[in-house]
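Q: I have a new structure open and don't know it yet. Can you walk me through it?

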Amino acid sequence: MAVCAVRCGAEGWEGIEEDGYAQGAWCAEVFTLPHGLPSYQTFRRVLSQGEPEECTKCFMAWTSALRALSAAAFVALDGTTLRHAFARATSHTARHLVRAWATTTRLVRGQVNVDDQA
């Protein structure tokens, strides 16, 4: 649910929760939710316990599995800078990503961090 919400433009834990409620009927069809839609506190607690690298690995494994289902003839490249992915206090720069998109399915086929915008 969180991946779908962020992909649709949700920002922050409350945004992920709001997207879940906005897409409630779809979420109920796709996900098993015996206790209803998760709250933003649940998303924060669960997702904060994971390692970012592991989330990336899981996401890439999922998109690789979808690749077998995709008959994408074209791949587009997209560069982006993650919002709020910098720390002013430590002078860490924002994260820049390059993604390969399957144009027919509109799914990510691969993603890498790059050092700087070029």
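A: Start with a charged pair: lysine 57 forms a salt bridge with glutamate 54, and their closest N and O atoms are 3.5 Å apart. Keep in mind that this is a predicted model.

Q: How far apart are lysine 57 and glutamate 54 in helix H5?
A: They are three residues apart in H5, which covers residues 52-69, so about one helical turn separates them. An α-helix has 3.6 residues a turn, so residues three or four places apart point the same way.

Q: Is lysine 57 buried or exposed?
A: Lysine 57 is exposed, with a relative accessible area of 54%. Its partner glutamate 54 is partly exposed, at 40%.

Q: How many salt bridges does a search of the whole structure find?
A: One.

Q: Ok, stepping back. How many helices and strands are there?
A: The protein has five helices and three strands. From the N terminus on, the order is α-α-α-α-α-β-β-β.

Q: And what share of the residues is buried?
A: Buried residues make up 20% of the 118 residues. As for contacts, among those between residues at least 6 apart in sequence, 40% join residues at least 24 apart.

Q: Let's look at helix H2. Which residues are buried there?
A: Gly15, Ile16, Glu17, Asp19 and Gly20 are buried in H2.

Q: What covers them?
A: The cover includes helix H1 (2-7), helix H3 (24-30) and helix H4 (40-48).

Q: How do the axes of H2 and H4 cross?
A: The two axes come within 8 Å and cross at roughly 120 degrees. H2 and H4 are therefore oblique to each other. The crossing is right-handed.

Q: Which residues meet there?
A: From H2, Trp13, Glu14, Ile16 and Glu17 meet Tyr40, Phe43, Arg44, Leu47 and Ser48 of H4.

Q: Glutamate 17 was in the buried list too. Where is the nearest side chain of opposite charge?
A: That is arginine 44, 10 Å away. Glutamate 17 is buried yet has no salt bridge. A salt bridge here needs a side-chain nitrogen of Lys or Arg within 4 Å of a carboxyl oxygen, so a pair 10 Å apart does not count.

Q: So what does glutamate 17 touch?
A: Not counting residues up to four places away in sequence, glutamate 17 touches Pro38, Ser39, Tyr40 and Phe43. Glutamate 17 itself lies in H2, which spans residues 12-22.

Q: Switching to the strands. What about arginine 99, where does it lie?
A: Arginine 99 lies in strand E2, residues 96-102. Arginine 99 is buried and has no salt bridge.

Q: Which side chain of opposite charge is nearest to arginine 99?
A: Aspartate 78, at 4.3 Å. The salt-bridge cut-off is 4 Å, so this pair is not counted as one.

Q: What else is arginine 99 in contact with?
A: Leaving aside neighbours within four places in sequence, arginine 99 is in contact with Ala76, Leu77, Asp78, Thr80, Leu82, Val108, Gly110 and Gln111. Aspartate 78 is one of those contacts, even though the two form no salt bridge.

Q: Back to the N-terminal part. Where does cysteine 8 lie?
A: Cysteine 8 lies in the loop between H1 and H2. Cysteine 8 is exposed, with a relative accessible area of 62%. Its C-alpha atom is 8.3 Å from that of aspartate 19, 11 residues apart along the chain.

Q: And alanine 22, buried or exposed?
A: Alanine 22 counts as exposed, at 60% relative accessibility, and its place is in helix H2. The C-alpha atoms of alanine 22 and alanine 5 are separated by 9.9 Å, with the two residues 17 apart along the chain.

Q: Last one: where is glycine 36 found?
A: Glycine 36 is in the loop between H3 and H4. Glycine 36 is partly exposed, with a relative accessible area of 35%. The C-alpha atoms of glycine 36 and glycine 24, 12 residues apart along the chain, are 9.4 Å from each other.

Note on methods:
Residues numbered from 1 in each chain as written. Predicted model: local features only at pLDDT ≥ 70, side-chain atom pairs only at ≥ 80, totals over all residues. Heavy atoms only, no water. Helix = DSSP H or I, 4+ residues; strand = E, 2+ residues; numbered from the N terminus. Buried < 20%, exposed > 50% of the residue type's maximum accessible area, 1.4 Å probe, protein only. Lys, Arg positive; Asp, Glu negative; His and termini not counted. Contact = heavy atoms within 4.5 Å. Axes fitted to C-alpha atoms, helices over the stretch in contact; angles between N-to-C directions. Parallel < 35°, antiparallel > 145°, perpendicular 65-115°, else oblique. Left-handed = near helix turned anticlockwise from the far one by under 90°.
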